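Okay, thanks everyone, I'll keep this short. Have a look at the model on the screen, and I'll walk you through it.

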Amino acid sequence: MSNSDRRGIGKAAVAAIVIIVVAVGGVAVYMIASNTAPPNPSVCSSSAGSGQTPVQVSIYSGSSNSADPPGYTPDSITLVVGVNNTVTWTNKDSVHHTVTSTSAPTGGDFNSGNMQPGAVCTHTFMVPGTYQYDCAYHSWMVGTIIVKASA
Ligand SMILES: [Cu+2]
């Protein structure tokens with residue numbers, strides 16, 4: 001093999017490495033951008049309302065699949081202020097999700113921010129009304145909460 005042949009192989013190898021680095025970097029940037037951009041600050045807390053056991057909502061395994069909606073179970077719940085007005089969502093899926101209100105009574109908007117796999121978000125609802133929420137990453141994930149004033 002001549003010296004000029006060796007130089008040609010070296011340039012091809014460098015070009016291949018550059019292409020691989022750019023491709024991998026592009027995928028990494030896309031994954032970060034699509035997974036870590038929640039729209040609002042998180043309202044999650046770790047504590048329930050006074051003496052309450054939170055109502056449990058599961059973000060089940062496979063909820064990121066658009067063929068397996070609605071992504072939350074139960075997807076519709078009714079709460080009464082002072083009785084059971086605290087909800088805990090648990091991300092049991094293998095990808096990131098959010099719990100983000102799309103429709104809420106005035107002052108009632110809520111957002112979990114990014115929830116990584118295994119993450120838990122607890123929120124206490126104080127404003128009566130009807131709430132709709134979705135996942136900021138998966139538009140087919142939708143849930144409804146009805147909050148009633150204390151009796
Ligand atoms: Cu999601």
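Let me start with one cut-off: I call a residue buried if 20 or more other C-beta atoms lie within 10 Å of its own, and exposed if that count is 12 or fewer. Take Ser63 with that in mind. Buried or exposed, what would you say for Ser63? Ser63 has 24 other C-beta atoms within 10 Å, so it counts as buried. And that's a residue sitting in a loop, the one between E1 and E2. What is Ser63 in contact with, leaving aside its neighbours within four places in sequence? The answer is Asp68, Gly71, Asp93, His97 and Met141. Trp140 is worth a look too: Trp140 and Ser63 are 77 residues apart in sequence, but their C-alpha atoms are 9.1 Å apart in space.

Now the contrasting case, Gly118. That one is in the loop between E4 and E5. Gly118 has 10 other C-beta atoms within 10 Å, so we call it exposed. From the C-alpha of Gly118 to that of Ser94 it's 8.1 Å, with their positions 24 residues apart along the chain.

Right, a step back to the whole chain. This is a predicted model, please keep that in mind. Mean pLDDT is 82, and 70% of the residues reach 70 or more. The stretch to be careful with is residues 27-39, where pLDDT is below 50; in the model that stretch has 12 contacts beyond near neighbours in sequence. Where pLDDT is low, the predicted coordinates should not be read in detail.

For secondary structure, we've got 1 helix and 7 strands. Going along the sequence, the pattern reads α-β-β-β-β-β-β-β. Of the 151 residues in the chain, 22% are buried. And if you take contacts between residues at least 6 apart in sequence, 70% of them join residues at least 24 apart.

On to the sheets. One is an open sheet of 3 strands, in the order E1-E3-E5, and the pairing is mixed. Why is one side of E1 and of E5 left without a neighbour in the sheet? Strands E1, at 55-59, and E5, at 120-124, are at the edges and have a single partner strand each, so one side of each stays free of a neighbour in the sheet. On average, neighbouring strands here are turned by 20° against each other, ignoring direction.

Let's go through the pairings in that sheet. E1 runs parallel to E3, residues 86-91, over 5 bridges. Along that pairing, Gln56 is opposite Thr88, and Ser58 has Thr90 as its bridge partner. E3 and E5, on the other hand, are antiparallel, joined by 5 bridges. Trp89 is bridged to Cys121 there.

E3 has a nice alternation, by the way. Val87, Trp89 and Asn91 point to one face and are buried, whereas Thr86, Thr88 and Thr90 point to the other face and are not.

Then there's an open sheet of 4 strands, order E2-E7-E6-E4, again with mixed pairing. Which strands are at the edges? Those are E2, 76-80, and E4, 100-103, and each of them pairs on one side only. In this sheet the average turn between neighbouring strands is 30°, direction ignored. E2 and E7, the latter being residues 142-148, pair in the parallel sense over 5 bridges. If you want a residue pair to look at, Thr78 stands opposite Ile146 in E7.

What about the core? The largest nonpolar core has 17 residues, and Trp89, Ile145 and Val147 have the most contacts inside it. The elements giving two or more residues to this core are E1, E3, E6 at 129-134, and E7. Ile145, to take one of those residues, is in contact with Ile77, Leu79, Phe125 and Tyr131, once you leave aside neighbours within four places in sequence.

One last thing, back in the loop between E1 and E2, where Pro70 and Pro74 are found. Most peptide bonds are trans. Here, though, the bond from Pro69 to Pro70 is cis, with omega near 5°. Thr73 and Pro74 are joined by a cis peptide bond as well, at an omega of about -5°.

That's it from me, happy to take questions.

Methods. Residues are numbered from 1 along each chain as its sequence is written. This is a predicted model: local features need pLDDT of at least 70, side-chain atom pairs count only at pLDDT 80 or more; totals for chains, interfaces and linings use all residues. Two strands pair if DSSP finds at least two bridges between them. Axes are lines fitted to C-alpha atoms, for helices over the stretch in contact, and angles run from 0 to 180 degrees between N-to-C directions. pLDDT is the predictor's confidence in each residue, from 0 to 100. Two residues are in contact if their C-beta atoms, placed from the backbone, lie within 7 Å. A nonpolar core is a set of buried Ala, Val, Leu, Ile, Met, Phe, Trp, Tyr and Cys residues joined through C-beta atoms within 7 Å.
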